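Hello,

Here is the structure I promised to pass on to you. Have a look at it first, and then read on for my notes on what turned up.

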Amino acid sequence: MTPRQLRALCLSFNAAVEEFPFNPETSVFKVRGKLFALTNLDAEPLTVNLKCDPEDAVRLRAEHPDLIVPGYHMNKRHWNTVTADGTLPDRLVRELVEDSYDLVVAGLPRAERLRLDRP
């Protein structure tokens with residue numbers, strides 16, 4: 001997955017925005033003010049921090065050691081750092097980004113979730 005593809009994927013979700021609250025290099029992708037992906041799109045290898053169900057996080061780390069690790073500077077129980085340099089299948093990376101977005105949306109107040117469902 002290229003940095004451009006990762007950015008496009010993150011911004012393809014309903015109400016997703018890209019912000020730079022930390023520095024100009026760190027892209028923070030949010031939905032309704034809540035973080036669902038964090039990355040430096042210029043870094044090599046390309047990595048992205050993604051929210052993950054705790055049980056899935058442990059399983060994914062075991063299945064893909066060195067490519068999926070506990071979230072760097074994040075709550076290690078709920079976040080993974082995923083290497084998106086082409087070693088992992090792009091399909092898996094896309095699914096993990098989508099799962100992260102879905103988990104964050106599920107945690108939003110009901111009124112916010114309903115606003116996301118409107119066209």
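**A cluster of rings**

Phe13, Phe36 and Tyr101 are joined into a cluster by ring pairs. Please keep in mind that this is a predicted model, and that every value below was computed from it.

The structure has 3 aromatic pairs. In one of them, Phe13 and Phe36 meet edge-to-face, with 6.0 Å from centre to centre and 90° between the planes. Phe13 sits in the loop between α1 (3–11) and β1 (16–19) and Phe36 in strand β3, so this pair ties together parts that are 23 residues apart in sequence. Phe13 is buried, at a relative accessible area of 15%, and Phe36 is buried as well, at 0%.

Phe36 also pairs with Tyr101: the ring centres are 5.3 Å apart and the planes stand at 85°, so this pair is edge-to-face too. Here the link is between distant parts of the chain, with Phe36 in strand β3 and Tyr101 in helix α3 (residues 90–106), 65 residues apart. Tyr101 has a relative accessible area of 7%, and it is buried because the cut-off for that is under 20%.

**The chain as a whole**

If you would like to get your bearings, the chain has 4 helices and 6 strands. Starting at the N terminus, the elements follow the order α-β-β-β-β-α-β-β-α-α. The radius of gyration is 14 Å, close to the 14 Å that the globule rule gives for 119 residues, so the chain is as compact as a globular protein of that length. Along the principal axes, the C-alpha atoms fill a box of roughly 40 × 30 × 25 Å. Of the 119 residues, 41% count as buried.

**The two cysteines, Cys10 and Cys52**

How many disulfides does the structure hold? The number is 0. Cys10 is in no disulfide, and the nearest cysteine sulfur, that of Cys52, is 15 Å away. Seen from the other side, the sulfur of Cys52 has its closest cysteine sulfur in Cys10, and at 15 Å this is too far for a bond. The cut-off that matters here is 2.5 Å between the sulfur atoms. Both residues are shielded: Cys10 counts as buried at 0% relative accessibility, and Cys52 counts as buried at 10%.

**A cavity and a pocket**

Cys52 comes up again in the next feature, as one of the residues that line the largest cavity. The structure holds 1 cavity of 30 Å³ or more, and the volume of the largest cavity is about 30 Å³. Its lining is made up of Leu50, Lys51, Cys52, Leu60, Asn80, Val82 and Leu96. The elements that contribute two or more residues to this lining are β4 (47–51) and β6 (79–83). Sorted by class, the lining has 5 nonpolar, 1 polar and 1 charged residues.

The largest pocket has a volume of about 240 Å³. Which residues line the largest pocket? They are Thr26, Leu38, Thr39, Asn40, Thr47, Val48, Asn49, Tyr72, His73, Met74 and Thr81. Strands β3 (34–40) and β4 each supply at least two residues of this lining. By class, the pocket lining has 4 nonpolar, 7 polar and no charged residues.

**Some backbone details**

A few spots in the backbone are worth a look on your screen. As background, most residues other than glycine have a negative phi, and most peptide bonds are trans.

- The peptide bond from Glu44 to Pro45 is cis, with omega near 0°. Pro45 is in the loop between β3 and β4.
- Ala15 is not a glycine, yet its phi is positive, at about 65°. Ala15 belongs to the loop between α1 and β1, and at 29% relative accessibility it counts as partly exposed.
- Asp66 is another residue other than glycine with a positive phi, near 75°. Asp66 lies in the loop between α2 (54–63) and β5 (68–70), and at 71% relative accessibility it counts as exposed.

Ala15 shares its loop, the one between α1 and β1, with Phe13 from the ring cluster, which brings us back to where these notes began.

Happy exploring, and best wishes

Conventions
Residues numbered from 1 in each chain as written. Predicted model: local features only at pLDDT ≥ 70, side-chain atom pairs only at ≥ 80, totals over all residues. Heavy atoms only, no water. 1 Å grid on protein atoms, 1.4 Å probe; cavity = no way out; pocket = protein on both sides within 12 Å on 5 of 7 lines; lining within 4 Å. Points joined across faces, edges and corners; volume = space filled by probe spheres on them. Nonpolar A, V, L, I, M, F, W, Y, C, P; charged D, E, K, R; others polar. Buried < 20%, exposed > 50% of the residue type's maximum accessible area, 1.4 Å probe, protein only. Phe/Tyr/Trp six-rings, centres within 6.5 Å; stacked < 30°, edge-to-face > 60°. Rg over C-alpha atoms; globule rule 2.2 N^0.38 Å.
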